[in-house]
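Got a few minutes for a quick tour? Pull up the model and keep it beside you while you read.

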Amino acid sequence: MLLAPVLGEPPREVAARLADELGGLLGDDLERVEVAGPGFLNLVLTDAWHQAALRSVLEAGERFGAGGVEHPERILIEFVSANPTGPLVAASGRHAAYGDALARILEHHGHAVDREYYFNDAGNQIRLLGQSVQARARGEDVPEGGYQGDYVAELAAAIPGAADADVDELARSAVDLLWARIKATLERYGVRFDEFFSERTLHSGSPSALDRALAVLEQSGHVYRSEGALWLRTTDFGDDKDRVVVRSNGQPTYLAADIAYMQNKRERGFERQMVPVGSDHAAYVREMKAAMAALGGDPDTVDMPLLQFVHLVAGGAVFAMSKRRGDFVMLDDLIDAIGVDATRFFMLRSSHDRTIELDVELARKQSRENPVYYVQYAHARIASMLRRLSEERVAAALAADWEGVSLEALERDLIKKLLAFPGEVAEAAGRRAPHRITGYALELAQDFTAFYEHCRVVGVTPEAVESFRVALSAAAQRTIALALGLLGVSSPDSM
RNA sequence: GCCCCCGUAGCUCAGCUGGAUAGAGCGACGGCCUUCUAAGCCGUGGGUCGCAGGUUCGAGUCCUGCCGGGGGCGCCA
């Protein structure tokens, strides 16, 4: 249809000529070719071609869909990065699932990925935590802007002598307890980090990493002094206003520390840094990209997807998640309610730029009809089916040549769906879109189930047909496991 | 006021660089277990893809404006 105006011929005639050419090029693989609709070409490939394709899927094994990237990069993905001033909340579950799945996808695609959790356990926020815990221990209200959640009272009760302890020491004890809890939550959630990076290290030494980053900015002429503060001229790089990096009282802002951290990542040799952040940090993305340019780097190597919020709903009523009252829903509570697999699957079902409406009551009550169980069920079914055969029989089926087996339409569909996996991985990696894999897993499970309902596998005759169907089922099982694995969701052998 | 994201079935959401009759799950209705897991399958019903223009042979997809929802516009993080 694109060629038609160029050649000055009707689209269907161009299509007919292309059909002839393709018929010659594809040779024996082509069963038939037809011109359809306004000028589409439908190529129907032979059973033998589909069988060869299945063979290639099986031969790829665990590496199916892997290593497709054209230009592998060293990537650092920093995510969650919640300060140890409270337990992880439900929204952190989205960040954790997203960052972790993205890391797995990028790795499978062929990149070298490091995962890092950045945190600040010094300064104002920590001191405020200590003051809040102490206030609770004394039965008083927490100070202005302090931490309100129930966990603060729990900390007060858990730390002996909290009412009279030194505030800084108390804060350290509270942080220790919170770290233990955060790390336990991440572990049960299946999220692993290569490093927990402390902001404090950016301030230590002389010159400190922060000093050196500011020196680079000064040298490149992108900072200036005004009203006693040091400003970064981010407007040179498309920001709508300049930003303070050192306050008039001499204290660096969080932005200065983040710039130093960004520079540190470059110095460690990462070609790309990915930092998924909450959508309330939208302005911050512009600042960081501007800062990267001011440092002499390429702003396009800073990738900061904006994750929209998670709204927890219970039976239609919105959970009020007020920061002031501190009545957040903790990630642990959400996992307790609906499980790790369902939580991750729900968090990864939608595009990151969409708000998630998660009905906890529904997810819990109807957990058995949850889409994640549908996919897992397909996997468990195959496992159960293959258990009926000996390992030798399965191995022989995979190696058989399936001679003369003619394919059902559903079998061709399933093979085509399997073949789509590498493209989906590439798509998910390129667009930073783990939810593509979620959708793919669902579609694959559906195609397998349709095949399963229609085509008897174990015990079907002749034996070559059984062999072929066993091989097809095994390939579907592995690919479902691979896809779920990229999401950090388990693939049970029985349910 | 300015900037960013979103608006698709009753609900929750997919829909890849513009392509054929817009899909899935849940909910509703009707069928299907003496055969590999019924956590399943088949069927029915359900849509002005927020609205209005524009570009194109072709628009849910691209452009402009408007409406609605969320977020941002700190010497807080």
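Here is a short briefing on the overall fold, the RNA surface, the empty spaces and two buried residues.

This is a predicted model, with 495 residues in chain A and an RNA strand labelled B alongside. Chain A carries 20 helices and 15 strands.

**Overall build**

- The C-alpha atoms of chain A take up a box of roughly 80 × 55 × 40 Å along the principal axes.
- Burial covers 50% of the 495 residues of chain A.
- Take the contacts in chain A between residues at least 6 apart in sequence: 72% of them join residues at least 24 apart.

**Where the protein meets RNA strand B**

- There are 53 residues around RNA strand B, and the ones that come nearest are Lys241, Tyr254, Ser351, Tyr377 and Arg381.
- On the RNA side, sugar and phosphate make up 67% of the strand B atoms that come within 4 Å of the protein.
- The side chain of Ser350 has an N or O atom 3.2 Å from a sugar or linking oxygen of RNA strand B.
- Bases get polar partners too: a polar backbone atom of Cys455 sits 3.0 Å from a base nitrogen of RNA strand B, and a polar backbone atom of Val457 is also 3.0 Å from a base nitrogen of the strand.
- Elements giving two or more residues to this surface are strands S2 (40-45), S7 (229-232) and S15 (356-359), plus helices H11 (282-294), H15 (371-387) and H19 (435-454).
- Sorted by class, the surface near RNA strand B has 20 nonpolar, 19 charged and 14 polar residues.

**Empty space: one cavity and a pocket**

- How many cavities of 30 Å³ or more does the structure hold? Just one, and the largest cavity has about 60 Å³ of space.
- Its lining is made of Arg94, Tyr98, Met347, Leu348, Ser350, Ser351, His352, Arg432, Ala433, Pro434 and His435.
- That lining splits into five nonpolar, four polar and two charged residues.
- Two names come back here: Ser350 and Ser351 line the cavity, while Ser350 has the sugar-or-linking-oxygen contact with RNA strand B and Ser351 is among the residues nearest to the strand.
- The second largest pocket offers about 250 Å³.
- Of its 15 lining residues, Arg381, Ser384, Met385, Arg388 and Tyr452 are the closest to the pocket centre.
- H15 supplies the largest share of that lining, six residues.
- The pocket lining divides into eight nonpolar, five charged and two polar residues.
- Arg381 does double duty in this list, being one of the residues closest to the pocket centre and one of those nearest to RNA strand B.

**Two residues worth clicking on**

- Is Lys265, a residue of helix H10 (254-267), buried or exposed? Its relative accessible area is 2%, under the 20% cut-off, so Lys265 counts as buried.
- Leaving out residues up to four places away in sequence, Lys265 touches Leu76, Glu78, Phe270, Gln273 and Val275.
- Phe79 sits in the loop between strand S3 (74-78) and helix H4 (90-109). Phe79 is buried because its relative accessible area, 1%, falls under 20%.
- With the same sequence neighbours left out, Phe79 touches His95, Ala96, Gly99, Asp100, Arg115, Glu116, Tyr117, Val191, Phe193 and Pro276.
- For a sense of scale, the C-alpha atoms of Phe79 and Ala395 are separated by 42 Å, with their positions 316 residues apart along the chain.

Definitions and conventions
Residues are numbered from 1 along each chain as its sequence is written. Chains are lettered from A and ligands numbered from 1 in the order in which they are written. This is a predicted model: local features need pLDDT of at least 70, side-chain atom pairs count only at pLDDT 80 or more; totals for chains, interfaces and linings use all residues. Side-chain values use heavy atoms; hydrogens and water are left out. On a 1 Å grid over the protein atoms alone, a cavity is a set of points where a 1.4 Å probe fits but cannot get out, and a pocket is an open set with protein on both sides within 12 Å along at least five of seven lines; lining residues have an atom within 4 Å of a point. Grid points are joined across faces, edges and corners, and a volume is the space filled by probe spheres set on the points. Ala, Val, Leu, Ile, Met, Phe, Trp, Tyr, Cys and Pro count as nonpolar, Asp, Glu, Lys and Arg as charged, and the others, Gly among them, as polar. Buried means under 20% relative accessible area, exposed over 50%, partly exposed in between (1.4 Å probe, protein chains only). Contact means heavy atoms within 4.5 Å. A residue is near a molecule or strand if one of its heavy atoms lies within 4 Å of it. A polar contact is a pair of N or O atoms within 3.5 Å; within protein, one must be able to donate a hydrogen and the other to accept it, and residues adjacent in sequence count only if both atoms are side-chain atoms. Helices (H or I, at least four residues) and strands (E, at least two) are DSSP runs, numbered from the N terminus.
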